[in-house]
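Visitor: I'd like to know how the labels on a model like this get justified. Could you walk me through a few?

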Amino acid sequence: DMWIEEEVKPGNLSNGTVMAYQGAVGRIKQFPIGSQKLKTVTSEHLQMFFDLLSFGGTNADGTKVKPISKGYMRQFSAVMQGAFRFAVFPKRLITFNPMQYIKIRQKQECYELFNEDSEDGLTVPTISYDQFKTLTDYLKKKDNPALLPIQIAYYTGLRIGEVCALTWQDIDLKEQTITVRRSMRYNGARHKTEIGATKRKKVRTVDFCDTLAAILKAAKTEQHKNRLQYGGLYHLNYYTEVKEKDRTYYEVYSLPRTDEIPEGYKEISFVCLRPDGAYESPSTVGIMCRTASRKVEGLEGFHFHQLRHTFTSNLLSNGAAPKDVQELLGHADVSTTMNIYAHATREAKRTSARLLD
């Protein structure tokens, strides 16, 4: 807690990273090691803790522990490394850092020499156009507001938070471009929906096709119609700046038109709205994707991020230049883009091999 309050929050990490670290701290406290006195924690204790996270097993208190993912593992490791280093200096609570001797051990991959299955296990899931149509038809029938975010992501490759944070000022319908400036997320530590910088903290411009242009124009008309229909009950969306521990958070709120607007609230015109004008949040869209994956035949295991992989695969397999796709996606490196593509499509590998014919 001291490390979070005195080093992490006043530092220059993004709000999203701070939130992730706070979440990891909360999880670490739930394990028996969390209630151990700092000076009694040895490298052996820590190694046993990380092995338990890697492989799963039984806690000292008898509770069962499932193994956690590599991504979570990196988070737990970063938190423990940082906190123990901080305990040595500047706090001088202990004289050496027991975390420096820890190895993050992974489960040995079980390689099946005589398995008949030909899958290489590296595929990144994408969806076909037919599956996309099935999904959008299901949402249209339900009149579900997650439809527009899903359509935007399919045709632009934007991340879920980037789609939900789009405003009409970010979209140029004439030039058919979207300027991606910000991302929306729910901050579990603060229990607030916030807007902040995108993953790479860079503004990027994404061009879009005629199909999406028509969808967006129709959405704008529909929103105008809803505004008149709902009258004073129609919600308007606002953001407000909150400063905490040298950190600035931009919180998002929806209020009915008739409500008095608190001081410091600035109106923001989000693109993805519910019929009553309230903003559509990433968590609501994510829940809807999970529901569709359970209820719609052929969409088993579907999640929102597959739309981004599908966008990548569709562009590259139709001859788009990798560098252009990288910039559209906002990847730091073209190798990230190409790795997704290499793992995404079986057909592309087959085509590449047959070039030699």
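Guide: What follows is a short round of questions about a predicted model.

Visitor: Let's start with strands. What makes β8 and β9 a pair?

Guide: Two strands pair if there are at least two bridges between them. Strand β8 (residues 235–244) and strand β9 (residues 247–256) are joined by 10 bridges, so they pass that cut-off. They run antiparallel. For examples, look at K243, whose bridge partner in β9 is T248, and at E244, whose partner there is R247.

Visitor: What sits between the strands of that hairpin?

Guide: There are 2 residues between β8 and β9, and in this hairpin K245 takes a positive phi near 50°.

Visitor: How do you know that β10 pairs with β8?

Guide: The cut-off is at least two bridges. Strand β10 (residues 266–267) and β8 have 2 bridges, in the antiparallel sense, so they count as paired. Here Y239 of β8 stands opposite K266 in β10.

Visitor: And which strand does β6 pair with?

Guide: Strand β6 (residues 192–197) is joined to β9 by 2 bridges, and the two run antiparallel. That meets the requirement of at least two, so this is a pair as well. In β9, E251 is the bridge partner of E194.

Visitor: On to helices. How does the reach of α9 fit what is expected?

Guide: Helix α9 (residues 282–295) has 14 residues and reaches 20 Å from its first C-alpha to its last, close to the 20 Å expected at 1.5 Å a residue.

Visitor: Which residues of α9 are called buried, and what do they pack against?

Guide: The label needs under 20% relative accessible area. In α9 the buried residues are P282, V285, G286, M288, C289, T291, A292 and S293. They pack against α5 (129–142), α6 (147–156), α7 (160–164) and β5 (182–187).

Visitor: Why is M2 called partly exposed?

Guide: M2, which is found in helix α1 (residues 2–8), has 40% relative accessibility. Buried means under 20% and exposed over 50%, so at 40% M2 counts as partly exposed.

Visitor: What lets M2 join a surface patch?

Guide: Patch residues need over 30% relative accessible area, and M2 has 40%. Together with L38 and L93, M2 makes a nonpolar surface patch of about 230 Å².

Technical notes. Residues numbered from 1 in each chain as written. Predicted model: local features only at pLDDT ≥ 70, side-chain atom pairs only at ≥ 80, totals over all residues. Heavy atoms only, no water. Helix = DSSP H or I, 4+ residues; strand = E, 2+ residues; numbered from the N terminus. Expected span 1.5 Å × (residues − 1). Buried < 20%, exposed > 50% of the residue type's maximum accessible area, 1.4 Å probe, protein only. Contact = heavy atoms within 4.5 Å. Patch = residues over 30% accessible without salt bridge, like charges linked within 9 Å, V, L, I, M, F, W, Y side chains within 5 Å. Areas by Shrake-Rupley, 256 points an atom, 1.4 Å probe, with all protein chains shown as cover. Salt bridge = Lys/Arg side-chain N within 4 Å of Asp/Glu carboxyl O.
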